[in-house]
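Have your viewer ready and your selection tool at hand. We will hop from one selection to the next and look around at each stop.

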Amino acid sequence: MLRRSLENRDAQTRQLQDAVTNVEKHFGELCQIFAAYVRKTARLRDKADLLVNEINVYASTETPHLKQGLKNFADEFAKLQDYRQAEVERLEAKVVEPLKAYGTIVKMKRDDLKATLTARNREAKQLTQLERTRQRNPSDRHVIAETELQRATMDATRTTRHLEETIDNFEKQKIKDIKTIFSEFITIEMLFHGKALEVYTAAYQNIQKIDEEEDLEVFRHSLYPQDYSSRLDIVRANSKSPLQRSLSAKCISGTGQVLTCRLRKDQQTEDDDEEDEDLDVTEEEN
């Protein structure tokens, strides 16, 4: 009966040991993969910073509207990297570190298992010794062996009960920590991607605001400076509404009429002056 009880406790101890080993293995893998994920995210942030710098350098060489649009895009993209940095720091603190802490927790549980196994081994040794003593059947040594066995059994039972409570708490904490860690991961990623959507929307709008026609005219002016004014006037005229073009035409027509009247008046004045000069000459001759 004692032998059967001992075997049952041994099976229980092995099961608890397997549970700790399973957590040690998979939590270690999760920790490594999450840490690599965070490092990749940090490297992506660094590459994005390089991209922002290059966009700013390139924008400074371009035409006005394209330059402004690219600079605004770079500003928004740089803002996104600030959010990415916050994502990296939160993932490190809320996901990687708690998983890393399980290395120490598992080590403590292994120490508890080791103490339990030591007590079980002592109990098994005393049981074997008692069986041998019973076979020899000396009464005094038989009593001593039974006393030692009882002691060893009590010690093993106490350590087993302590281990069961410890492992039960360990399992409960493990489930709670898994829920917390993955909830934190999801929340952090949702916050980042929500901010990213806002930033990318603003960046897209800045790119769409680039005036292609104006920048094209500026480029043409750099190639053909003498034709720039006429080309620019044509572009601006085409961009006017029909009412604006009608008013412009009337203004031009009115201006022409005023100039014609002025020319006629000036010509009449000149003719009157010539007639006055002819009269003066005739009177002097008489």
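## A walk through the model

Start by selecting Leu99. Among residues more than four places away in sequence, Leu99 touches Phe27, Leu30, Cys31, Phe34 and Ile181. Keep in mind as you go that this is a predicted model.

Now widen the view around that spot. Leu99 and Phe34 are both among the residues with the most contacts inside the largest nonpolar core, which has 22 residues. To see the others in that group, add Val20, Val23, Leu91, Val95 and Val96 to your selection. Next, colour the helices: α1 (2–59), α2 and α3 (139–208) each supply at least two residues of this core. Which helix gives the most to this core? That is α1, with nine residues.

Apart from this core lies another one, of eleven residues. Select Ile55, Leu80, Ala196 and Val199 to light up some of its members.

For the last stop, pick Gln81, which lies in helix α2 (residues 64–136). Is Gln81 buried or exposed? Gln81 has a relative accessible area of 2%, and because the cut-off for buried is under 20%, Gln81 counts as buried.

Show the side chain of Gln81 and look for its polar partners. One of its polar atoms lies 3.1 Å from the backbone oxygen of Phe77. The Gln81 side chain also makes a polar contact with the side chain of Arg84, at 2.9 Å. Finally, display Leu44, Arg45, Ala48 and Asp49: Gln81 touches these four, leaving aside residues up to four places away in sequence.

Notes: Residues numbered from 1 in each chain as written. Predicted model: local features only at pLDDT ≥ 70, side-chain atom pairs only at ≥ 80, totals over all residues. Heavy atoms only, no water. Helix = DSSP H or I, 4+ residues; strand = E, 2+ residues; numbered from the N terminus. Buried < 20%, exposed > 50% of the residue type's maximum accessible area, 1.4 Å probe, protein only. Polar contact = N/O pair within 3.5 Å; in protein donor to acceptor, adjacent residues only side chain to side chain. Contact = heavy atoms within 4.5 Å. Core = buried A, V, L, I, M, F, W, Y, C linked by side-chain atoms within 4.5 Å.
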